[in-house]
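Let's take a walk through this protein, starting with the big picture and then stopping at a few spots along the chain. Keep the structure open as you read.

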Amino acid sequence: MSRWKQLIPLFSLVVVAGCAPPPAPNVPPATAPTSKTAQQPLPCWEAPWTEPKAVEVLYRQFLGLSKSPEDYAKRIRRDAAAYPEGAILALALPAYGLANHAMAHPESVAECRGAIDRLIQLASQRWTREWLEAPMREDVHRLRRWNGHGVYLGHYCLMLCCYRLAGGDAKYAEHQQQIAEVLRQGFRSQRSGAWVPSYPHRAWAFDCLPCLLAVRLTDVQEGRNLNASGKLVADHLRFRQTVAMDQATGFACTEMDPRTGRPLAGARGCAIAGSICFLGHLAPAHCRDLYARFKEGYWIEQGEGSGKIAGFREWPRAHDGFMDIDSGPIVAELGAAASGFGLGASRFARDRATHEALLDSLDKAVVMIDTAQTASAFSQGIAQLMQAQGIVAESDVEQLTATFKGLDQDLAVSKDYRYRHLMADAVAFYCLTWRPWCEAAVGEQEVTGIQEECNGR
């Protein structure tokens with residue numbers, strides 16, 4: 001996650017819209033990749049509840065947009081301009097959602113696989129690699145040595161994994177192994193061997209997780225011995241619980257020292273919720289405990305009656321934190337990004353009440369955004385609506401208007417998107433479709449064993 005202190009839209013952090021493509025053809029279901037060491041097939045994961053109608057809308061949006069790569073690139077440049085990692089996140093998160101959709105709806109495998117393929121092609125292009133806080137100049141197809149770019153390489157490699165999760169062939173297998181090996185070099189380059197920097201000069205604990213998951217999933221899909229990646233998962237969990245621990249909250253920190261991995265900034269709701277989504281594939285028992293503590297310490301409900309909204313805090317109780325590009329707007333203590341990723345975290349935890357409360361609040365946010373756009377200034381419209389619904393006091397409207405003033409120029413709100421912003425659609429698509437990957441690929445017995453090893457450490 002990146003770090004520019006600019007504001008972003010409600011319930012934000014990632015992708016897109018477009019025209020709807022024709023109905024999906026009837027194709028046979030894809031066979032999930034299996035490991036040579038898996039002892040028994042894993043029963044189909046049962047979704048905790050019926051998907052909301054928004055999932056189909058988002059699915060069609062991303063399919064349509066992926067079929068117009070040039071238009072997609074223009075939209076990303078226009079609507080994700082405030083994000084240092086806007087390009088790779090706007091391509092990767094939809095790919096994760098498409099892989100989830102293919103696993104849940106076998107009849108959509110061919111469409112999903114084709115869309116992920118097109119997203120990978122965009123992600124490998126020079127403009128995507130250079131749209132980072134620290135641009136990556138090397139051609140990703142020729143990269144053989146670790147270069148410090150964990151945030152790009154982790155998501156890129158995970159997209160290659162998703163192509164195979166969606167029933168893809170070995171088209172990218174060699175390239176996927178190449179990037180996974182570079183990531184392994186990154187982990188080995190650190191003294192503890194348990195983390196990687198986001199950039200050559202900066203590091204965030206969250207950004208380690210796509211790298212870790214990509215290495216693990218590549219081993220699974222290639223049928224490699226899983227002991228090494230299993231140990232890496234266990235070592236990283238130990239690292240999060242010791243070296244990178246924010247002692248004030250008991251959660252892993254956000255920014256770390258790029259040389260030692262020690263905390264430079266405390267734990268934040270957006271990182272905790274996002275971490276549950278990614279770690280949920282690797283260490284489910286650990287994440288169930290993580291989610292329980294997260295909900296206990298960060299969940300909040302505001303307003304009354306029909307105006308009631310609920311979500312996760314960005315900062316711990318009694319902590320007067322700031323808003324930035326990572327958090328999104330913080331309104332009445334509710335964090336936009338923390339609540340957005342909370343959709344995926346609550347789905348992982350099968351916490352239906354929390355998931356539905358978040359989805360209801362997200363729909364209310366859309367109504368508020370649409371209504372506020374009729375005001376002379378968007379910031380003033382949002383503040384007045386919140387006061388009318390009892391979310392903030394009348395005395396706070398002026399201050400809130402001033403806080404959101406940057407939104408008047410920077411907020412790329414558009415009814416082209418289901419949730420009115422490119423990044424909001426992306427994170428919603430990924431989180432509303434969340435399902436376990438490593439369990440589907442490895443087998444329940446093996447995943448449970450790794451999970452117990454991690455917890456034991």
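Helices and strands here are DSSP runs, with at least four residues for a helix and at least two for a strand, and they are numbered from the N terminus. Counted that way, the protein has 19 helices and 8 strands. Keep in mind that this is a predicted model.

Now for the overall picture. The protein has 457 residues, and 63% of them are buried. Look at contacts with a separation of 6 or more, and 73% of them turn out to join residues 24 or more positions apart. As for the outside, the protein exposes about 17400 Å², with carbon and sulfur atoms supplying 48% of that.

Our first stop is helix 3, residues 86–104, where you'll find Asn 100. Is Asn 100 buried or exposed? It counts as buried, because its relative accessibility is 1%, and the cut-off for buried is under 20%. So what does it touch, once neighbours within four places in sequence are set aside? Its contacts are Tyr 430, Thr 433, Trp 434, Arg 435 and Trp 437.

Next comes helix 4, which covers residues 109–123. With 15 residues at 1.5 Å a residue, this helix should span 21 Å, and its end C-alpha atoms are indeed 21 Å apart, so the two agree. Plenty of helix 4 is tucked away: its buried residues include Val 109, Cys 112, Ile 116, Leu 119 and Ala 123. Asp 117 and Glu 111 are buried there too. In an α-helix there are 3.6 residues a turn, so residues three or four places apart point the same way. What do the buried residues of helix 4 pack against? Their partners are helix 1 (53–66), helix 2 (69–79), helix 3, helix 5 (126–130) and helix 6 (150–165).

Time for some strands. Strand 5 (residues 299–302) pairs with strand 6 in the antiparallel sense, over 4 bridges. In that pairing, Gln 302 stands opposite Ile 309 of strand 6. The hairpin formed by strand 5 and strand 6 has 6 residues between the strands, and Gly 303 takes a positive phi there, near 85°. Strand 6 itself (residues 309–312) is covered on both faces: Ile 309 and Gly 311 are buried on one side, while Ala 310 and Phe 312 are buried on the other.

What about disulfides? A disulfide is a covalent bond between the sulfur atoms of two cysteines. A search of the whole structure finds 0 of them. Cys 277 is in no disulfide, and the nearest cysteine sulfur, that of Cys 431, is 4.3 Å away. Why is there no bond from Cys 431 to Cys 277? The 4.3 Å between their sulfurs is too far for one. Cys 277 is buried, with a relative accessible area of 0%, and Cys 431 is buried with 0% as well.

Finally, a look at two arginines. Most residues other than glycine have a negative phi. Arg 350 has a positive phi of about 55° although it is not a glycine, and its place is the loop between helix 12 (336–348) and helix 13 (352–372). Arg 420 also has a positive phi, of about 70°, in the loop between helix 16 (407–410) and helix 17 (422–432). As for cover, Arg 350 counts as partly exposed because its relative accessibility is 41%, whereas Arg 420, at 14%, counts as buried.

Technical notes: Residues numbered from 1 in each chain as written. Predicted model: local features only at pLDDT ≥ 70, side-chain atom pairs only at ≥ 80, totals over all residues. Heavy atoms only, no water. Buried < 20%, exposed > 50% of the residue type's maximum accessible area, 1.4 Å probe, protein only. Contact = heavy atoms within 4.5 Å. Expected span 1.5 Å × (residues − 1). Pairing = 2+ DSSP bridges. Disulfide = S-S within 2.5 Å. Areas by Shrake-Rupley, 256 points an atom, 1.4 Å probe, with all protein chains shown as cover.
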